[in-house]
Amino acid sequence: MHSDDPEIDAEVVEYVRDEKIDDAETDILDFFRANQGKVFYERQLTVMFERSYFHWITVKALLELSSGGSINSETLELVPEVPIRFFWAKKNRYWKRQAARVVNLVRRFSDATVARAIGFQGELLVDAALPLAAFTPVDRNVRSFNGKTWTATGHDLDRIVRREGIHYGVEIKNTLPYIPRDELRIKLAMCKYFGLMPLFVSRMAPKNYNYEIIQQGGISWVLGSQFYPFGYQDLADTIRGELQLPVECPARIEDGAIARLLKALAWQSRRRQTDLKPP
C-alpha cells in the first residue's frame, strides 16, 4: 500500500506562494458550491484541476481554504500510518459516510498487487507503441550501459531504445501523480551519465518538469490517462465514474498519442541540427 500523496508535501514545501493560488482558490470554492453534497480527497482534486493548476498549487489552495474555514477538511487513515486527506463543503453534514466509501475504493486500487499490475500494463502498452514510432528495443531495467555502471543510487532506467542511431533512456510512469521531482532528476542524471537522450512517458507532467527534460535534449510524452489491465475494467469504470479520475483499459496507445511523439521527435531533431550548426 502506498501513501496517497507523499510527493505532494515535498512540492508544497519547496515552492513559495504563487499568485496562481488565489485563482485556484476561487475556482475551488466555485467547485464546492456546485458540489455541496460530495466529499473529495486531495489526490482526486489535484488531478481534477490539473489542466488549470499544478498539483502543488491546488494543494496549497486547498490547505489555505480549509485553514481559513471556507471549506472543511479532515485527514483519515487509508491504512495504518498512511493518511488520506478529505475536503468538503461546509453544508455537507454526511461527509463521513461518503468518505468511508471513497477510502474503500482507494484501498482497492492502492493495493500492492493492483498497483504492480497497473505499472506492468503501462510498460506493456509503451513497449508495443514505441516500435510504431521506429524505436528499437535495446535493454530494460538498466543500471549498466556501454561499459558504465550507475552506482550513485539504487535506481535503474526502465528501458533503453534506439532510433535513427540515437539511444534513449526511457522512464515509464503509469500513475496518477507526477513522478517525484527527486526521482525525475536522478533519472535525468542517469541518462546524462550513460549518454542517452531522455524519454519520459507519463500520464501527466507539469511544464517545469517538461522544461528540464527538454533542456537535456529529451522528450516528455504525456498520455493523459492511467492505463489499467483488461481484467480491471470494472474497477476502472468505477473509479472513472465515482471519482472522476482519468483511468481506462485500452487495447493499445492511441494513434493520436503516437503522432504527438513523432512530432516531438521531429522538433528535437531540428533543434539538435540547429545547435550543431557552426556560428
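Select Gly122, Val126, Ile172, Lys173, Asn174, Val201, Ser202, Arg203, Leu223, Ser225 and Phe227, which line the second largest cavity. Helix 6, strand 8 and strand 9 each give two or more residues to this lining. The model is predicted, with local features requiring pLDDT of at least 70, side-chain atom pairs counting only at pLDDT 80 or more, and totals for chains, interfaces and linings using all residues. Residues are numbered from 1 along each chain as its sequence is written, and side-chain values use heavy atoms, without hydrogens and water.

A cavity is a set of points on a 1 Å grid over the protein atoms alone where a 1.4 Å probe fits but cannot get out, and lining residues have an atom within 4 Å of a point. Helices (H or I, at least four residues) and strands (E, at least two) are DSSP runs, numbered from the N terminus. The second largest cavity holds about 50 Å³ of space, a volume being the space filled by probe spheres set on the points, which are joined across faces, edges and corners.

Move next to the largest cavity, with about 70 Å³ of space. Its lining includes Glu171, Phe200 and Tyr209. Strand 9 gives the most to this lining, with three residues.

Finally, select helix 9 (residues 233-243), whose buried residues (under 20% relative accessible area, 1.4 Å probe, protein chains only) are Leu235, Ala236, Ile239 and Leu243. Seen down the axis of helix 9, these fall within an arc of 100° (directions from the axis to the C-beta atoms), so they line one face of the helix. The face turned away carries Asp234 and Gly241, which are exposed (over 50%). Gln244, with a positive phi near 60°, follows helix 9.

Terms used:
1 Å grid on protein atoms, 1.4 Å probe; cavity = no way out; pocket = protein on both sides within 12 Å on 5 of 7 lines; lining within 4 Å.
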